[in-house]
Each structure stands twice: as structure tokens, then as C-alpha cells.
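Welcome! Take a moment to look over the sequence and turn the 3D view around before you read on.

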Amino acid sequence: MQHLTIENILEQNAESSRRFIEEMSQFGDEKAAAAPPDGWSAAQIAEHVLLVETGILRICKRLLGDAATAAGRETLAPSAAFLNGLPMFASTKLEAPEMV
């Protein structure tokens, strides 16, 4: 997956969110709350995704604002190097630390 423009990145993000919502909407409350003995329920996964996405957005907004201020601008555009590196991050599996 290669994103060439911010518009394309936003479209891909919206599509991923749409598919996630579509999948989650198939669960009723009881089924969503059921968890395997050693895993998370669908409701717990959905809540985790919400919390992580909210946190990521807050961090990105702060970092972009700090970078724009440091550059003496109101807004910033991502560099070609950043955009070219996105596919690597999309295919990299990371493990969250225990405290998360």
C-alpha cells in the first residue's frame, strides 16, 4: 500500500474505519461482551481501538502544531520521505508494552 497524497491517506483511513464499524455492527451486546478465557471480547477490542486512535490523533495534532510553530508556519505538509516510508509502517507489527 502506497499513499501518494494526504487525501488518499484519509480515504484509506475512512475505508478502514467503515469496514471496522461494519464488522462490529454485526455483534449484539451479549455477543460483543463475550470473551474467550484468554482473550478480549469484541467490545473490549472496539474500546481499545477507540482509545488508541483518540490518543494517536491527539499526539499527531500536538506534534504537527509544535513542528509548524518551530518552522514559523501555521501548517505543515508531510515530506516525500515520510510518505514513501508509510508502506513500511503499514506492514510492521509492533507489540504494545504491558503498561498500555
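This report goes from the overall layout to one helix, one loop residue and a few side chains.

## The overall layout

What you see is a predicted model. The protein chain has four helices and zero strands, so its elements, read from the N terminus, simply run α-α-α-α.

How far does the C-alpha trace spread along its principal axes? The spans are about 50 × 30 × 25 Å. The radius of gyration of the protein chain is 17 Å, whereas a compact globule of 100 residues would have one near 13 Å.

## Inside and across the chain

Of the 100 residues in the protein chain, 9% are buried. Buried here refers to a relative accessible area under 20%.

You can also ask which parts of the sequence meet. Among contacts in the protein chain with a separation of 6 or more, 37% are between residues 24 or more positions apart.

## A look along α3

The helix α3 covers residues 42–71. Does its length fit, or not fit, what its residue count suggests? Its 30 residues, at 1.5 Å a residue, should span 44 Å, and the C-alpha atoms at its ends are 43 Å apart, which agrees.

Three residues to find in α3 are A42, G55 and A68, which are buried. The cover over the buried residues of α3 includes α1 (6–24) and α2. Just after α3 comes G72, which takes a positive phi of about 75 degrees.

## S41, a residue in a loop

Now step to S41, in the loop between α2 (29–33) and α3 (42–71). Is S41 buried or exposed? Its relative accessibility is 3%, and because the cut-off for buried is under 20%, S41 counts as buried.

Which residues does S41 touch, leaving aside those up to four places away in sequence? They are A32, A33, A34 and A35. With A32 there is also a polar detail: a polar atom in the side chain of S41 lies 3.3 Å from the backbone oxygen of A32.

## Rings and a charge

Finally, look for the ring of F27. The charged end of K31 sits over this ring, 5.2 Å from its centre. As for aromatic pairs, the structure holds zero.

Methods. Residues are numbered from 1 along each chain as its sequence is written. This is a predicted model: local features need pLDDT of at least 70, side-chain atom pairs count only at pLDDT 80 or more; totals for chains, interfaces and linings use all residues. Side-chain values use heavy atoms; hydrogens and water are left out. Rings of Phe, Tyr and Trp (its six-membered ring) pair if their centres lie within 6.5 Å; planes under 30 degrees apart count as stacked, over 60 as edge-to-face and the rest as tilted. A charge sits over a ring if NZ of Lys or CZ of Arg is within 6 Å of the ring centre and within 35 degrees of the ring normal. Helices (H or I, at least four residues) and strands (E, at least two) are DSSP runs, numbered from the N terminus. Buried means under 20% relative accessible area, exposed over 50%, partly exposed in between (1.4 Å probe, protein chains only). A polar contact is a pair of N or O atoms within 3.5 Å; within protein, one must be able to donate a hydrogen and the other to accept it, and residues adjacent in sequence count only if both atoms are side-chain atoms. Contact means heavy atoms within 4.5 Å. The expected span of a helix is 1.5 Å times one less than its number of residues. The radius of gyration is taken over C-alpha atoms; the globule rule is 2.2 Å times the number of residues to the power 0.38.
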